[in-house]
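Colleague: Got a few minutes to go through this one with me? I'd like to hear the reasoning behind each answer.

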Amino acid sequence: MFVDILSNEEKFGLLQLITAIAQADGEISHEEEVFINSYANENGISFNMNSEIDISSACSSINTPKAKIIALQEIIKMALIDGHYANEERNGALAISNMLSLSSEKFNEIEEWVIQGQSWVKKGEEMLSSA
């Protein structure tokens, strides 16, 4: 939704970060793989999910305050995509938030925003499937 605001460099850095979060719990689920591939395709990025990721370098490509918020929103969205927000994923998102110089208050605000958004979408899907 907001990714189109990012520069190409920021989009590539974000792709690396969402992949790192998907790998955080030791496996990439089908939903996570679809999310990563869709993100790469939508943004015209050629990417190998099994490549080595330099999280520090990826974070350094995300510079503006808006880009940092968008990146963390997408990272948390990735962590929730398979319906399980593993501790490793949350801790990874929090570490990336710190590397992006976002406060813990901002992390919590973004995390709550994403969780509420996902809940809203899920409720809509449930209402439509039972209609």
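Colleague: How far does α1 reach from its first C-alpha to its last?

Modeller: Bear in mind that this is a predicted model. With 16 residues at 1.5 Å a residue, α1 is expected to span 22 Å. The model comes close to that, with a reach of 23 Å.

Colleague: And how many residues of α1 are buried?

Modeller: Buried here means under 20% relative accessible area. Among those that qualify are G13, L14, L15 and I18, and the buried residues pack against α2, α3, α4 and α5. The helix is largely enclosed by the rest of the structure, because the buried count is 12 of the 16.

Colleague: Is F12, also in α1, buried or exposed?

Modeller: Neither label fits, as the in-between class runs from 20% to 50%. F12 has a relative accessibility of 33%, so it counts as partly exposed.

Colleague: Which aromatic residue does F12 pair with?

Modeller: The ring centres are 6.1 Å apart and the planes sit at 80°, an edge-to-face pair. The partner lies in the loop between α2 and α3, so parts 35 residues apart in sequence are tied together. That partner is F47.

Colleague: The structure holds two aromatic pairs. How are the planes of F2 and W113 arranged?

Modeller: F2 lies in the segment before α1 and W113 in helix α6, so the pair links parts 111 residues apart in sequence. Both are partly exposed, F2 at 29% and W113 at 38%. Their centres are 5.8 Å apart and the planes are at 50°, so the pair is tilted.

Conventions
Residues are numbered from 1 along each chain as its sequence is written. This is a predicted model: local features need pLDDT of at least 70, side-chain atom pairs count only at pLDDT 80 or more; totals for chains, interfaces and linings use all residues. Side-chain values use heavy atoms; hydrogens and water are left out. Rings of Phe, Tyr and Trp (its six-membered ring) pair if their centres lie within 6.5 Å; planes under 30 degrees apart count as stacked, over 60 as edge-to-face and the rest as tilted. Helices (H or I, at least four residues) and strands (E, at least two) are DSSP runs, numbered from the N terminus. Buried means under 20% relative accessible area, exposed over 50%, partly exposed in between (1.4 Å probe, protein chains only). The expected span of a helix is 1.5 Å times one less than its number of residues. Contact means heavy atoms within 4.5 Å.
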